[in-house]
Amino acid sequence: IGLIIDTLNGSDCDIGLNGQFEYRLLNRTDLLIIDPRTGQLSLNQSIDFEQLPRHKYQDTVDFEYLIQIQDFGQPSLASQKKIILRIRDLNDHVPV
């Protein structure tokens, strides 16, 4: 929990409020949080691969999220990008 996964890097060529912006996760999720000012994506909870919805022999699970970056101009402009969070299974169980 709190592990920084990545930091998004947006830009806006405008000046003043038109050039200032914030990030938002558009998907409803408890797994990730985003810092609206820095774009840092962090885990909001621990992940147990065995508890994720997946096929029996699948060793990765992908989650798609939609990120919005919006400036503070009048009118406010925004763009959206899709990111994929890929979770890979680790060998974390001892054979019995």
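Okay, quick definition before anything else: two strands count as paired if DSSP finds at least two bridges between them. Keep that in mind, and remember that what's on the screen is a predicted model.

So, let's use that definition straight away. Take β3 and β4, the latter being residues 40–43: there are 3 bridges joining them, and they run antiparallel. With at least two bridges needed, that pair makes the cut. If you want a spot to click on, go to Ile34, whose bridge partner in β4 is Leu41.

Now zoom out a bit. That pair belongs to an open sheet of 3 strands, ordered β1-β4-β3, with antiparallel pairing. Which strands stand at the edges here? Those are β1, at 4–7, and β3, at 32–34; each has a single partner strand, so one side of each is left without a neighbour in the sheet. As for the twist, neighbouring strands in this sheet are turned by 20° against each other on average, ignoring direction.

Okay, next sheet. This is another open one with 3 strands, in the order β2-β5-β6, and the pairing is antiparallel. The edges go to β2, residues 21–25, and β6, residues 78–88; each of them has just a single partner strand, so one side of each has no neighbour in the sheet. Here the twist averages 25° from one strand to the next.

Let me stay with β2 for a second. It's joined to β5, residues 60–71, by 5 bridges, and the two run antiparallel. For a residue to look at, pick Phe21: its bridge partner in β5 is Asp71.

Right, the whole chain. How many helices and strands does the protein have? It's 0 helices and 6 strands, so to speak a β-β-β-β-β-β readout from the N terminus on. Now the overall shape: the radius of gyration comes out at 17 Å, well over the 12 Å the globule rule gives for 96 residues, so the protein is more spread out than a compact globule. You can see that in the C-alpha trace too, which spans about 65 × 25 × 20 Å along its principal axes.

What about burial and surface? Buried residues are 26% of the 96 in the protein. The exposed area is about 7,500 Å², and carbon and sulfur atoms supply 50% of that.

Last one, for the contact-map people. Take contacts between residues at least 6 apart in sequence: 55% of those join residues at least 24 apart.

That's what I had, thanks.

How values were computed:
Residues are numbered from 1 along each chain as its sequence is written. This is a predicted model: local features need pLDDT of at least 70, side-chain atom pairs count only at pLDDT 80 or more; totals for chains, interfaces and linings use all residues. Side-chain values use heavy atoms; hydrogens and water are left out. Helices (H or I, at least four residues) and strands (E, at least two) are DSSP runs, numbered from the N terminus. Axes are lines fitted to C-alpha atoms, for helices over the stretch in contact, and angles run from 0 to 180 degrees between N-to-C directions. The radius of gyration is taken over C-alpha atoms; the globule rule is 2.2 Å times the number of residues to the power 0.38. Buried means under 20% relative accessible area, exposed over 50%, partly exposed in between (1.4 Å probe, protein chains only). Contact means heavy atoms within 4.5 Å. Accessible areas come from the Shrake-Rupley method with a 1.4 Å probe; for residues, only the protein chains shown count as cover.
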